[in-house]
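Ready for some practice in reading a protein model? Keep the structure open beside you and work through each exercise at your own pace.

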Amino acid sequence: MDNIEQKIEQLKLPNSSKKLHAVGRLLVDKGVDSLWDLDTKTLPASGRRWRKKARKFAEEHIKPFAQQADLNPEGFDNNLLFKKAAKQGFLTTAFPKPIGSAPLRLFSKNAAFLTAIVAEEFAAVDGGLTLKLMAPNLGIAPILLGGDVSAIFRYLIPYYVGSTWFGKTKTMSFAITEPNAGSDVEDNEGGATAKLGTTAKKVKNGYVLNGTKLFISNGAISDATTVFAKLEGEGIESWTCFLVESWREGFTVGRHELKMGQRASDASELIFDNVFVPTKNIIGKLRGGWPLNKNTLNFSRPAVAAMALGQARGAFNSALQYTKEKYVGNTKMIEFQEVQLELAEMVQELWAARSLIWQSLNHFAMPQSIASATKAYASDTAWKIANKSMELMGDDGYLHKNNVERFWRDVRLTQIYEGTNQLNRLAIIEHHLKTDFSIL
Ligand SMILES: Cc1cc2nc3c(=O)[nH]c(=O)nc-3n(C[C@H](O)[C@H](O)[C@H](O)COP(=O)(O)OP(=O)(O)OC[C@H]3O[C@@H](n4cnc5c(N)ncnc54)[C@H](O)[C@@H]3O)c2cc1C
């Protein structure tokens, strides 16, 4: 790097903006900010503050534990991390102040804007702990998007107030996936033929749930889960969302999956064996589960895109650092133009993904095609960048201690969950069938 700077210096070209008139100086970039700083400047003041705060938190409280939580997720102390995150308002980003922590300027752009900002910063140091801290947003989303004010007062507000005001470490999860229904419950065509096994039977004062959900992020540690079940004897058109507290009789956690990446967060099987839930635990409307599910996914996909971007940034940073230190023969890797071209391409891609995510989050009501395009593009791009980072680092990239292999494993998941990227691409087309394919 020093060599490159020296070479530029030797050219003696008058690049300084001091050579311009005062008004001109106002209009030109001084060329001293990082891309991170330049992008941060485009946010409203509250967004700028949160972005900086999230980066600081990630460096201080997530990064030091990333390796440990990946290698030994069972032995990791969740409580401490949740407590610190709760106290600083990172677990309540989907609702405005003073109940949640979202500044009104950001919330009025999109309810997930602050979550996406935080998710990128956290994921830039670790994907697994980020999923652990972000998954509760998915659990809470049906309550927010269901729009039932009494449910918001009963569940969301106490949960959020407990977290932001008293630093309580409760957590939530979201359960749609079943042994025979994965992608099927993530698009309309699949939904129409989905073989659903989780049922809710009407009884006095409530419903009795039976069935199994699979791959539920944070399922084993959640205090409550928003669970989607069809009514007994009916099909998916009767799908209804129920809030199931983990203390309810008949609820148990089954198998914990042994995952390739994002290992710090558990993906668990949830078993419902005659679990009674009162009628007041219905979230949204009875038989309103399908649109609620779709809107929840639309709400959360841009935040998943931001997680993917963060992980790619983490991998890129490791690779960049490596090229600055590693010698090939007598030359530092970064001095080779081939390497510079690779790095420049990665920067372009990272920046394009962030621009897309932030642009998408300007939609107050998130359209399906935009949510899906954002998630699929950002996670595919992130995967490419993590892979290229590993390539640049050669055998060193393959070593656990250098972090890139962890980002590489972690980021792969963002192409799979919240609908595989194939399904998300189909969702773009499905949405625009309604507009007679006038996509652009
Ligand atoms: C670690 C992890 C965490 C998860 N967390 C949660 C969670 O918190 N809550 C939750 O409810 N779920 C969760 N999931 C489930 C996740 O969303 C689904 O696994 C995912 O959507 C894919 O579904 P599937 O595994 O059944 O794949 P399948 O549906 O079996 O797909 C298999 C293949 O077929 C393709 N395919 C399927 N349908 C079509 C089609 N119509 N056209 C073209 N190709 C198609 C898919 O793209 C894929 O390549 C999680 C999954 C994982 C792995």
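Below are three exercises, each with a worked solution.

This is a predicted model, in which local features need pLDDT of at least 70, side-chain atom pairs count only at pLDDT 80 or more, and totals for chains, interfaces and linings use all residues. Residues are numbered from 1 along each chain as its sequence is written, and side-chain values use heavy atoms, with hydrogens and water left out.

**Exercise 1. Describe the surroundings of the ligand.**

Step 1: Start with the neighbours. The ligand is surrounded by 20 residues, where near means that a heavy atom of the residue lies within 4 Å. The closest are T177, S183, E186, F215 and T420.

Step 2: Sort the shell by class. It holds 10 nonpolar, seven polar and three charged residues. Here Ala, Val, Leu, Ile, Met, Phe, Trp, Tyr, Cys and Pro count as nonpolar, Asp, Glu, Lys and Arg as charged, and the others, Gly among them, as polar.

Step 3: Look for backbone contacts (polar contacts with the ligand are pairs of N or O atoms within 3.5 Å). A nitrogen atom of the ligand is 2.7 Å from a backbone N or O atom of F215. For I176, a polar backbone atom lies 2.8 Å from an oxygen atom of the ligand; for E418, the distance from such a backbone atom to a ligand oxygen is 3.5 Å.

**Exercise 2. Explore the largest pocket.**

Step 1: Know the term. On a 1 Å grid over the protein atoms alone, a pocket is an open set of points where a 1.4 Å probe fits, with protein on both sides within 12 Å along at least five of seven lines; lining residues have an atom within 4 Å of a point.

Step 2: Place the ligand. It sits in the largest pocket, meaning that more than half of its atoms lie within 2 Å of the pocket's grid points.

Step 3: Read the lining. It has 35 residues, and L138, F215, S217, Y417 and E418 lie nearest the pocket's centre. By class, 21 are nonpolar, 10 polar and four charged.

Step 4: Find the top contributor. α12 gives the most to this lining, six residues (helices are DSSP runs of H or I with at least four residues, strands runs of E with at least two, numbered from the N terminus).

**Exercise 3. Locate two backbone features.**

Step 1: Find the cis peptide bond. It runs from K97 to P98, with omega near 0°, and P98 is in the loop between α6 and α7.

Step 2: Check phi at N218. This residue is not a glycine, yet its phi is positive, about 65°. N218 lies in the loop between β3 and β4.

Note on methods. A polar contact is a pair of N or O atoms within 3.5 Å; within protein, one must be able to donate a hydrogen and the other to accept it, and residues adjacent in sequence count only if both atoms are side-chain atoms.
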